[in-house]
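This briefing sets out the helices, burial and charged contacts of the structure below. The topics are taken up in turn.

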Amino acid sequence: DKGMLDVGEPLHPHPLADVGKAFDLRRGDSFSSMSTFSELASSEGYNRTVTTALRRSGLDPWAVPEFWPLIPRGDSPVEVPDKAWFAEHTSPLTYFPRPVFWAGDAG
């Protein structure tokens, strides 16, 4: 890296930007903070989620998503009974196409 910087102009299509001033703190800067407590899960909740996911994947590995939210936004998959869960995540093995009706020569 230093060797390239020492060579100079032929290898530098753009001038180097001085970003030092962009990171200086100024009076009046507004800083915000946020809490990550809303993203934490209890060990009981974590264990319940893992237990439910493993149980359901043992019953039907095709009906369990690859990623299971630890802290879901909305209805928790852990609180849905297995029967309702599998009813929502299964489909018929074969879909039969709708019959095609021929109306004669179109042209």
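Helix H2 runs over residues 43–59. Its 17 residues, at 1.5 Å a residue, should span 24 Å, and the end C-alpha atoms are 24 Å apart, so the expected and modelled spans agree. The model is a predicted one.

**The two sides of helix H2**

- Thr49, Thr52, Ala53 and Arg56 are the buried residues in H2.
- These residues cover an arc of only 95° around the axis, which means that they lie on the same side of H2.
- Ser43, Glu44, Leu54 and Gly58, on the other side of H2, are exposed.
- Helix H3 (82–88) is among the elements that cover the buried residues of H2.

**Nonpolar surface patch**

- A nonpolar patch on the surface is formed by Tyr46, Val50 and Leu54, which together have about 290 Å² of accessible area.
- Valine 50 of this patch is located in helix H2.
- The relative accessibility of valine 50 is 31%, so this residue counts as partly exposed, the partly exposed class lying between 20% and 50%.

**Salt bridges between H2 and H3**

- The count of salt bridges comes to two.
- Arg55, Arg56 and Asp82 are linked through them in a network.
- In one of these salt bridges, aspartate 82 pairs with arginine 55, with the closest N and O atoms 2.9 Å apart. This pair joins distant parts of the chain, since aspartate 82 belongs to helix H3 and arginine 55 to helix H2, 27 residues apart.
- Aspartate 82 also forms a salt bridge with arginine 56, where the closest N and O atoms are 2.6 Å apart. Here too distant parts of the chain are linked, with aspartate 82 in H3 and arginine 56 in H2, 26 residues apart.
- Which of the residues in the network are buried, and which are partly exposed? Arginine 56 has a relative accessible area of 0% and is therefore buried. Arginine 55, at 38% relative accessibility, counts as partly exposed, and aspartate 82 is partly exposed at 22%.

**The chain as a whole**

- The protein chain contains three helices and zero strands, in the order α-α-α along the sequence.
- Of its 107 residues, 13% count as buried.
- The protein chain exposes about 10,300 Å², of which carbon and sulfur atoms supply 60%.
- Among contacts in the protein chain with a separation of 6 or more, 47% come from residues 24 or more positions apart.

Notes. Residues numbered from 1 in each chain as written. Predicted model: local features only at pLDDT ≥ 70, side-chain atom pairs only at ≥ 80, totals over all residues. Heavy atoms only, no water. Helix = DSSP H or I, 4+ residues; strand = E, 2+ residues; numbered from the N terminus. Buried < 20%, exposed > 50% of the residue type's maximum accessible area, 1.4 Å probe, protein only. Contact = heavy atoms within 4.5 Å. Areas by Shrake-Rupley, 256 points an atom, 1.4 Å probe, with all protein chains shown as cover. Expected span 1.5 Å × (residues − 1). Arc of directions from axis to C-beta. Patch = residues over 30% accessible without salt bridge, like charges linked within 9 Å, V, L, I, M, F, W, Y side chains within 5 Å. Salt bridge = Lys/Arg side-chain N within 4 Å of Asp/Glu carboxyl O.
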